[in-house]
Amino acid sequence: MPATGPASTLLAEHHPADAQEREYLARIRGLVQDDVSWFSRQHFEPGHVTASGFVVSPDGRKLLLIHHAKLDMWLQPGGHVDPEDGSLELAARREVMEETGLRELLPLPGFPRAVDVDVHVIPANPRKGEPGHRHYDVRFAFWATDEALQAGSDALDARWVPLEQVRDAGTDDSVRRAVRKLSLRLKGWASMEPACWPAAERNKQPILEVLQRWIPEPCRVLEIASGTGQHAAWFAEGLPHVQWQPSDASVRYWQSIHGRRLRSGLPNLLPVVPVDVLEPLRPMPPVDVVYCANMIHIAPWEATDGLFRSAASVLREGRGQLITYGPFQEAGVPMVQSNVDFDAHLRSRDPRWGIRHLDDVARIAAEHGFRLVERLQMPANNLMLRWERAGD
Ligand SMILES: C[S@@+](CC[C@H](N)C(=O)[O-])C[C@H]1O[C@@H](n2cnc3c(N)ncnc32)[C@H](O)[C@@H]1O
C-alpha cells in the first residue's frame, strides 16, 4: 500500500510550474495529509489520488497519448492506485504498462520525483453507481525503450505524437503544461554537442577488451556514473549482444549521454536514466551486470557504500556482477608517484575525494554481499575489478 509518508515527501519536493499547478499541489497535499483513504477509488468526497505517466519515445521526440473514449480526449495513460502498489510511481508504471502494452519503462531524468500534478473532475457514472468526483493526479515521466504498443481496454487508441504537435492533438491544458516541461529539457539535450574527455578516449579500448571477456553472454548492463557517455557508446558498439544502460547523477552528463546516443544510432544503447548512488534508486528493470568507472575516488566516501547498495538492489535476484575501474591503494604496494600526485590533486579539489584503499572498499562490498573475484592491472596504474555477490 502506498504509504502516506513517502507520498507526502514526494509532494513536498515537487516544484509547480505556475499558479494553477501550485493550487493543485496544495489541494493534493491536503488530501494526502488529511485522509487515510486518499488513494481508494471508493473515496468520492472530494475524490482520490491517481497516478499517471508521460512516456517519451526512446529518441526523446514523441509523447505517448491514448484516446479516452469516455472523455473523447487524447491524454497520458494512468489510473487508480491499487492497495498492492508500493508507491505512486509504481502505480503509474503498472497503469501505463497495462493500458499500452509497453513491456518496460525507464525513469526519465530531470524530474526528481513527479513531473506534474493536476486536479480534474470525473463526471458521475450511473452504470457503475459512481457520483461525480475529482482525480488528484500525480504524474511521472518515463522513457519507453521501444515504440510497439498494444492498447488496453480503457483506451480506444494509442499513438506517439511529436512533442511539438501535442498542443493541437485534442488534449487538455495539463498535458500541454507537462509537455512544455519535457520539451524544455529534451530539445536542449538533443541539440547539445556531447562532451569528450581525453582520458576516456585513451582507456575505452583496453576496458572494452576486458569487458568482452567478462560479459560474453547476452545480458543487460547498468553503467553507473557514465559521465560524457563515451564509454557507453564505445561499449554498446563493441558488445552488440549487451543492452547497455547508461546513467548519471548530473544534468550536464544526462544531456551529453542523450546527445551521443542519438548521434550513435546504436540499437542496444538505452536512454540515459538518473542514478545518484547517494539516493534510493528509482524503479527500473533489473540488470545482470553493474559497471562503474572512475567514480569511487571522485565522490565522497559514502558514494562507495551507495554504489554497492545500488548494485545489490538493481541486480537480478540470485545473479550478477559489479565491475569497477579506477585507481586504488593496495596493501604492500607503494603508490606510484603519478597516483600520489593525482590523489593530492583530487583532495585539493574536494577534501572528501581521494584514491581509496582496496581493503576499505572490499569491507564495504562485503557488507552488501559482494566479494572480489578478479583483479586486473590496467594501463596508467588503474585496476579493473570484478565483484560477485557471495551467494551467486
Ligand atoms: C570522472 S567521471 C567518470 C565518468 C566515466 N565513468 C569515465 O570513466 O569516463 C565521474 C562521474 O561520477 C559521477 N558521480 C559523482 N557522484 C555520483 C553519485 N553520487 N552518483 C552517481 N554518479 C556520480 C559524476 O557525475 C561523473 O559523471
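**Exercise 1. Pairing of β14 with its neighbours**

Find the bridge partner of L322 in β16, then work out how β14 is joined to the strands beside it.

*Solution.*
Step 1. In this predicted model, L322 has W387 as its bridge partner in β16.
Step 2. Strand β16 covers residues 382–389, and 6 bridges join it to β14 in an antiparallel arrangement.
Step 3. Strand β13, residues 289–293, is joined to β14 by 5 bridges, and these two strands run parallel.
Step 4. Two positions show the pairing of β13 with β14: Y291 stands opposite I323, and C292 stands opposite T324.

**Exercise 2. Burial of β14**

How many residues of strand β14 are buried, and which residues lie on each side?

*Solution.*
Step 1. The strand spans residues 321–326, and 6 of its 6 residues are buried.
Step 2. One side carries Q321, I323 and Y325, while L322, T324 and G326 are on the other.
Step 3. Residues on both sides are buried, so both faces of β14 are covered.
Step 4. To get from β13 to β14, the chain passes through helix α8 (residues 302–314); this β-α-β crossover is right-handed.

**Exercise 3. The sheet as a whole**

Give the strand order of the open sheet and name the edge strands.

*Solution.*
Step 1. The sheet has 6 strands in the order β10-β9-β13-β14-β16-β15, with mixed pairing.
Step 2. Its edges are β10 (242–245) and β15 (370–378), each of which pairs on one side only.
Step 3. From one strand to the next, the twist averages 20 degrees.
Step 4. Helix α10, residues 358–367, packs on the sheet and touches β15 and β16. The direction of α10 makes about 145 degrees with that of β15.

**Exercise 4. Residues around the ligand**

Which residues come nearest to the ligand, and how is the shell made up by class?

*Solution.*
Step 1. There are 21 residues around the ligand; A225, G227, A249, A293 and N294 come nearest.
Step 2. By class, the shell contains 14 nonpolar, 5 polar and 2 charged residues.

**Exercise 5. The setting of A12**

Is A12 buried or exposed? Locate A12 in the chain as well.

*Solution.*
Step 1. A12 belongs to helix α1, which covers residues 4–12.
Step 2. The cut-off for an exposed residue is 12 or fewer other C-beta atoms within 10 Å.
Step 3. A12 has 10 C-beta neighbours inside 10 Å and therefore counts as exposed.
Step 4. A12 and D118 lie 106 residues apart in sequence, and their C-alpha atoms are 15 Å apart in space.

Key: Residues are numbered from 1 along each chain as its sequence is written. This is a predicted model: local features need pLDDT of at least 70, side-chain atom pairs count only at pLDDT 80 or more; totals for chains, interfaces and linings use all residues. A residue is near a molecule or strand if its C-beta atom, placed from the backbone, lies within 6 Å of it. Ala, Val, Leu, Ile, Met, Phe, Trp, Tyr, Cys and Pro count as nonpolar, Asp, Glu, Lys and Arg as charged, and the others, Gly among them, as polar. A residue is buried if 20 or more other C-beta atoms lie within 10 Å of its own, exposed if 12 or fewer, and partly exposed in between; C-beta atoms are placed from the backbone. Helices (H or I, at least four residues) and strands (E, at least two) are DSSP runs, numbered from the N terminus. Two strands pair if DSSP finds at least two bridges between them. A crossover is right-handed if, with the strands pointing away from the viewer, the path from the first strand over the helix to the second runs clockwise. Axes are lines fitted to C-alpha atoms, for helices over the stretch in contact, and angles run from 0 to 180 degrees between N-to-C directions. Two residues are in contact if their C-beta atoms, placed from the backbone, lie within 7 Å.
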